[in-house]
Amino acid sequence: MLELLRYDHGIYALDSGYLRPQLAAIHLIVEQGRVVIIDTASYTSRARVVDALHVLGLTPASVDYVFLTHIHLDHAGGAGVLMQTFPDARLVVHPRGVAHMADPTKLFAAVRAVYGAAEADRLYGEPTPVPADRIIAAGEGFTLELAGRPLVCWDTPGHARHHLCLWDPRSSGLFTGDIFGLSFRELDVDGRPSILPTTTPTQFDPAAMHHSVDRILRQQPAAVYLTHFARVGEVQRLGGDLHRLIDAHIAIAERERDAGPDREARILEGLWALMDAEAERQGWQLGWEQWREVLRADIELNAQGLHHWLDHA
Ligand SMILES: [Zn+2]
C-alpha cells in the first residue's frame, strides 16, 4: 500500500513500510521533473519508491540524486538497489560513508555486531555495493543543484560522525535524518508532536549532538523533515525538548556507570522511567503498553548506545 504525504514546494514523504507503518520515511523533492530521494530505508522499499515516482508522473530516469543523511542501514540499506534502479542518479553521502557504500562488508559486520547476526540478516540482508564512480563525497557546504534549485549539505555529527542534513532554502526546510531525533505520529496529542533523541551505538556524542541541535535552531527552519517520521513544525519547542532529553539520557548513563554486569539493563530501566515521566508531561493518549511498543526498539538501542558511550567517551 502506497502512503505518500504531500507537502508544499514539491516535497513528499513516502512511508517505506520498513518494519511497520510510520517508522521510516523516504523523502522526495521534485523540481521541474527532476528528483532527489532523501534516505532509502532498507532494500525492501524499492517497489514503493518506484510506485511513488509513477504516481507523481515520474520515472526512474527522473532521479538525479539519492542523498543519504547517514549510513545506518535503516537509512542507507536500500541505496545499492535504488542506484541499480535509477540509471542516471548519483549517490550523495558524507565523506566518512563513501568507502562503506562502495564496499559494505565492514559496515554490515558492524551492524551484525549491534543487532546480532540473525537479526541483521532479517532486517537488512547484505547491502548491495554502489560503484565508486557514482558516489559523491559531500562535506559541509556541498550544494546539490536540482534543476537549478540549491540544496545545501550540513555536516551534523552527534548521532553519527557520518551524518549530514540537507537544507532547502526554498521551503525553509531541513532534512534531519536522525540528528533532530525521532517523532512518532502515534504519540501526537491533538496534532502536537513529541520528540526523542537517538543515542544509537557506536558514535553517539552528546556535546556534538547539542551543538548540531543548536545549529538547527539558529537557522529557524519553518519545518524539519525527520526520517522517523516525516514533517514536524514547532521546531524551537522540540529542540528544547531534545536538549532536555539528551541531558536526561546522559544523567541516567552516568548514574549507572559503575553498575557492573547489569549496567545496560539498568540504563534501560532508567530510560523507561524517563519515558513514563515524558508520557505524563506530553499527555500521550495511547495506553502504557501501546506507547511502549511504539518506542521499544529505539529505547533498547538508546540503552545500548549509552552503555557503549560510557566506555568510549
Ligand atoms: Zn541512525
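The zinc ion in this predicted model is held by four residues, with His-70 (NE2), His-72 (ND1), His-159 (NE2) and Asp-178 (OD) coordinating at 2.1 to 2.3 Å, where donors are N, O and S atoms within 2.8 Å of the metal (3.2 Å for Na, K and Ca) and, since water is not among the atoms, sites may look incomplete. The angles that the four donor atoms subtend run from 89 to 175 degrees, which makes the arrangement irregular; four donors count as tetrahedral if all angles lie between 85 and 135 degrees, four as square planar and six as octahedral if opposite donors are over 155 degrees apart and all others between 65 and 115, and anything else is irregular. Along the sequence, the donor residues follow the spacing H-x1-H-x86-H-x18-D. His-72 sits in the loop between β5 (63–67) and α2 (73–76), whereas Asp-178 sits in the loop between β11 (173–177) and α7 (206–219), so this pair ties together parts that are 106 residues apart in sequence. Helices (H or I, at least four residues) and strands (E, at least two) are DSSP runs, numbered from the N terminus.

The loop between β11 and α7 also contains Thr-202, and the peptide bond from Pro-201 to Thr-202 is cis, with omega near 5 degrees. Another cis peptide bond, with omega about 5 degrees, joins His-228 and Phe-229, and Phe-229 lies in the loop between β12 (223–226) and β13 (230–232).

Turning to the helices, the axes of α8 (residues 235–255) and α9 (residues 263–282) come within 9 Å and cross at roughly 150 degrees, the axes being lines fitted to C-alpha atoms over the stretch in contact, with angles from 0 to 180 degrees between N-to-C directions. These two helices are therefore roughly antiparallel, given that angles under 35 degrees count as roughly parallel, over 145 as roughly antiparallel, 65 to 115 as roughly perpendicular and the rest as oblique. Among the residues of α8 that meet α9 are Leu-245 and Ile-252, and the α9 side includes Leu-271 and Leu-274, contact meaning heavy atoms within 4.5 Å.

Helix α9 also packs against α10 (residues 288–312), at an angle of about 135 degrees and with the axes 8 Å apart, and these helices are therefore oblique to each other.

Residues are numbered from 1 along each chain as its sequence is written, and side-chain values use heavy atoms, with hydrogens and water left out. Local features need pLDDT of at least 70 and side-chain atom pairs count only at pLDDT 80 or more, while totals for chains, interfaces and linings use all residues.
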